[in-house]
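I opened this notebook page to record two look-ups, one on the ligand site and one on the domain contact. The entries follow in the order in which I made them.

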Amino acid sequence: MNQDKTADEKPGGGYDPGGVRRQFAILGRNLAWLDNAATTQRPEGVLRAMDEFYRKHNANPRRSVHQLGTEATAAFEGARARVAEFIGAESPQEVVFTAGTTAAINLVTDGLARWDIGPGDEVWVSAVEHHSNWVPWQQAARRMGATLKVIPLTPEGRLNLDEFETGLQAHRTKWVAVAWVSNVLGVANDVQAVCRAAHAAGAQVLVDAAQAVAHLPVNVQALDCDFLAFSGHKMYGPMGSGVLWGKRALLEQVEPTVFGGEMIARVDEATSTWAEVPYRFEGGTPHVAGAVGLATAIDWLSEFPPEAHVYVADLARRAEEELAALPGVRVWGPRAERLSLVSFSVEGVHPHDVAQVLDSRGVEIRAGHLCAQPLMRRLGVESVARASFFPGNTVDDVRRLVEGVRAAQELFT
Ligand SMILES: Cc1ncc(COP(=O)(O)O)c(C=O)c1O
């Protein structure tokens with residue numbers, strides 16, 4: 001189902017942000033799209049792959065014996081195999097297609113975690129978690145009478161793993177949920193160390209890779225986590241596509257949470273048995289075009305040369321430096337380590353006002369609590385502004401960002 005790509009669509013072979021940018025029709029609007037951490041835009045190749053699925057191969061997969069049904073099944077399962085290869089899974093059967101990171105995490109908390117925790121047990125999240133990797137654990141712990149604990153931050157804004165390791169309780173700490181890359185602070189957490197410590201205490205680890213997959217090579221076996229979740233739309237794939245990867249033996253223990261068509265082996269009047277993993281978690285007609293688009297996005301992303309990622313980190317660092325040099329601007333998180341984004345506050349100017357002034361100049365950033373209210377409270381703010389980059393952004397986008405922030409300061413202070 002992969003599309004043939006013409007030479008000028010390939011980002012590889014000599015890094016050129018212009019060549020990447022031209023593949024995004026939406027960026028023809030002369031917008032500086034600096035909200036890539038919320039959602040990336042989609043290159044033409046991904047849009048075409050999805051379009052082609054609907055135009056040429058559309059049918060319900062894994063149900064129909066006709067030609068189109070067979071083609072749709074091949075497209076869907078081909079996409080699963082591509083995802084498995086991308087994340088270093090042992091087999092495509094470890095890959096569950098979901099609607100995104102949030103749905104993937106809820107499948108683990110509802111289908112497994114909450115059945116094996118109870119009073120006296122602990123579930124850990126980290127201080128930087130997005131609500132999607134906080135509230136499901138909070139609710140599971142609350143319902144089952146377990147305690148939710150939080151990996152704190154060091155003064156520089158890194159996860160305080162010493163405190164975490166000291167606080168782990170063998171046989172009582174059951175789950176640890178941690179973001180690989182914070183959507184606010186923008187730095188990579190040492191999730192391998194989290195996994196090692198958690199496993200030594202007998203706990204299982206879910207890694208939220210939503211902000212990592214577009215920027216870091218992923219190998220679930222090297223990470224040695226138990227579950228990993230990510231969204232297609234933050235890595236050039238479609239909205240409504242996403243993945244839960246889990247170790248096969250653990251996926252076998254997850255109870256399905258969505259019941260209905262095609263997730264069953266047999267239905268009797270009073271009882272049912274389930275299809276194999278991962279199909280038992282994909283009840284109802286799945287988002288095949290989404291899976292196809294995600295696989296195409298993976299192909300596309302995989303062609304970036306390493307320089308593209310270095311370039312994005314350089315843009316983020318440049319933004320960090322230039323913003324931090326403005327009087328009254330505070331940049332959040334450890335300095336000079338960010339992969340792709342920078343969150344900041346401007347003294348005397350509400351982040352929404354900063355964002356609005358920037359928007360009036362065609363610079364699109366995110367402002368708000370960034371779905372990380374517990375972290376905002378630790379930082380002592382209600383909300384922040386965030387600029388996030390991808391390999392099609394330019395140094396000129398950074399210049400427009402910094403000039404826009406200065407203009408906001410002039411207007412409001
Ligand atoms: C770190 C992190 N986790 C989870 C999510 C939720 O992703 P989705 O809305 O695609 O489910 C986001 C989205 O911003 C995120 O940044």
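Before counting, I fixed the term polar contact as a pair of N or O atoms within 3.5 Å, where within protein one must be able to donate a hydrogen and the other to accept it, and residues adjacent in sequence count only if both atoms are side-chain atoms. I noted that this is a predicted model, in which local features need pLDDT of at least 70 and side-chain atom pairs count only at pLDDT 80 or more, while totals for chains, interfaces and linings use all residues. Residues are numbered from 1 along each chain as its sequence is written, and side-chain values use heavy atoms, with hydrogens and water left out.

Entry one, domains. I took the bounds from an automatic or database domain assignment, which gives domain 1 as 14–42 + 305–412 and domain 2 as 58–301. Their contact (heavy atoms within 4.5 Å) takes 34 residues from domain 1 and 33 residues from domain 2. Between the two domains I found 19 residue pairs in polar contact, both residues at pLDDT 80 or more. I also found 1 salt bridge between them, a term that requires a side-chain nitrogen of Lys or Arg within 4 Å of a carboxyl oxygen of Asp or Glu.

Entry two, ligand. I listed the residues that surround the ligand (a heavy atom within 4 Å), among them T101, S132, N183 and K234. For the side chain of D208, I read 2.5 Å from one of its N or O atoms to a nitrogen atom of the ligand. An oxygen atom of the ligand lies 2.7 Å from a side-chain N or O atom of H233, and for H130 the corresponding distance from a ligand oxygen is 3.3 Å.
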